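Welcome, and please take a moment to look over the chain before reading on. The report below walks through it piece by piece.

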Amino acid sequence: MKKSKSIENIRKFIMIIIGAIIAAYGLEAVLIPNNVIDGGVTGLSIMGAHLFELPLGVLLFVLNIPFIYIGYKQVGKTFALMSSAGIAALSISTVLLHNVKTILGPEDPLLIVLSGGMLLGIGIGIVLRNGGALDGSEVLAVLLSRKIPFSVGDIILFINAFIFLGASFIFGLESALYSALTYYIAKNVIDIIQVGLEKSKDVRVVSAKSEEIGDAIQARLGRGVTYTQGRGGFSNEPTEILNCVINRMEENKLVTIIKDIDSSAFVVISDVSEVRGGNFKKRDIH
């Protein structure tokens, strides 16, 4: 058991290093030479390196140290160690790749935004998927969200608004707007890396014909279902709640199945970030 856990930790460590190198390449070969930055601590580091002529790798490491400590206190030792490895790898990689050939020039702004955002998103997504982080702003956002009535996403957006505003004074408004677009692309790529292309959905159905709907889902979709007992708040009558997890490609067919059997059924469909264990495998249908 200990051996398999050690092997898994080594695999995660290697993947974090790979992710950090990919992100560093995106910064040094695409974004920084074209005055386009990322959000968070990375964006602050790029601006600081430009203003004070300091090595980007040094600023990345130094500015992230407080957030590694916060991560250690709030999330745990493993997260802090993995994040330290990722940030150190990112810092060293930006130094080693500083003179790498720029693959796109300023005449291709949309390609810069697309390729830079994708490289950043892939690198950061790999690191996050393996239990680490490359930017301390998200750790700070998680901590602040517990103290103030705003979500993590709202806080990150607020922080980055100031960073991109600062970038407009240093690199110009056009570069700041391209930076914001790059961040948006990177964020979406990160979501794809973490969640996957086949995002799952959780479906709950309240209907007097729950069993009939469940049988049809199993027969026509090949998905398993679970029933739980409930009670109507207004009617005070017992009812069965059907629960099922599907992928997003099956949503339309599932809604059609439910409508065919009970058009008045109460249906709730929500996104699921990850599915593990159980018997989520789709059964063959004929």
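Which hand does the crossing have where α2 passes α3? The crossing of these two helices is right-handed. The sections below set that answer in its surroundings, and one point belongs up front: this is a predicted model.

## The chain as a whole

Let us start with the overall plan. The chain has 286 residues, and 41% of them count as buried. Its secondary structure comes to ten helices and four strands. If you follow the sequence from its start, the elements appear in the order α-α-α-α-α-α-α-α-β-α-β-β-α-β.

To get a feeling for the dimensions, picture a box drawn along the principal axes. The C-alpha atoms of the chain fill roughly 70 × 50 × 45 Å of it.

## Two helix pairs

Back to the pair from the opening question. The axes of α2 and α3 are 9 Å apart, and the helices pack at an angle of about 140 degrees. That angle makes α2 oblique to α3, because roughly antiparallel would need an angle over 145 degrees.

A second pair can be found further along the chain. Here α9 packs with helix α10, which covers residues 251–261, at an angle of about 140 degrees, and their axes lie 10 Å apart. This makes α9 oblique to α10. The crossing of α9 and α10 is right-handed.

## Helix α4 and its buried residues

How far apart are the end C-alpha atoms of helix α4? They are 28 Å apart. Helix α4 runs through residues 77–96, and at 1.5 Å a residue its 20 residues should span 28 Å, so the expected span and the model agree.

Many names come up when you look for buried residues in α4. Among them are F79, A80, M82 and S83, and the list goes on to include I87, L90 and T94.

## Two loop residues with positive phi

Next, a detail of the backbone. Most residues other than glycine have a negative phi. N35 has a positive phi of about 55 degrees although it is not a glycine. You can find N35 in the loop between α1 (2–31) and α2 (40–52). With a relative accessibility of 33%, N35 counts as partly exposed.

E53 is another residue other than glycine with a positive phi, at a value near 55 degrees. E53 sits in the loop between α2 and α3 (56–74). Is E53 buried or exposed? Its relative accessible area is 72%, so E53 is exposed.

## An aromatic pair in helix α7

How many aromatic pairs does the model hold? The count comes to two. One of these involves F158 and F162, whose ring centres are 5.0 Å apart and whose planes stand at 70 degrees, so the pair is edge-to-face.

The sequence helps to explain how the two rings come together. F158 and F162 are four residues apart in helix α7 (residues 152–170), so about one helical turn separates them. F158 counts as exposed, with 55% relative accessibility, and F162 is exposed as well, with a relative accessible area of 52%.

## Buried residues with polar contacts

Now for two loop residues whose side chains make polar contacts. R223 is in the loop between α9 (210–220) and β2 (226–231). Its relative accessible area is 6%, so R223 is buried. The side chain of R223 is joined to that of E250 by a polar contact of 3.0 Å. R223 also lies 7.4 Å from C244, C-alpha to C-alpha, although 21 residues separate them along the chain.

S207 is found in the loop between β1 (200–206) and α9. At 6% relative accessibility, S207 counts as buried. Which residue does the side chain of S207 meet in a polar contact of 2.5 Å? The partner is the side chain of D262.

## A buried glycine in helix α5

One last stop is G117, which lies in helix α5 (residues 109–129). Its relative accessibility is 0%, so G117 counts as buried. Measuring by eye from G117 to A161, you would cross 17 Å in space between C-alpha atoms, and the two residues are 44 apart in sequence.

Notes. Residues numbered from 1 in each chain as written. Predicted model: local features only at pLDDT ≥ 70, side-chain atom pairs only at ≥ 80, totals over all residues. Heavy atoms only, no water. Phe/Tyr/Trp six-rings, centres within 6.5 Å; stacked < 30°, edge-to-face > 60°. Buried < 20%, exposed > 50% of the residue type's maximum accessible area, 1.4 Å probe, protein only. Polar contact = N/O pair within 3.5 Å; in protein donor to acceptor, adjacent residues only side chain to side chain. Expected span 1.5 Å × (residues − 1). Axes fitted to C-alpha atoms, helices over the stretch in contact; angles between N-to-C directions. Parallel < 35°, antiparallel > 145°, perpendicular 65-115°, else oblique. Left-handed = near helix turned anticlockwise from the far one by under 90°.
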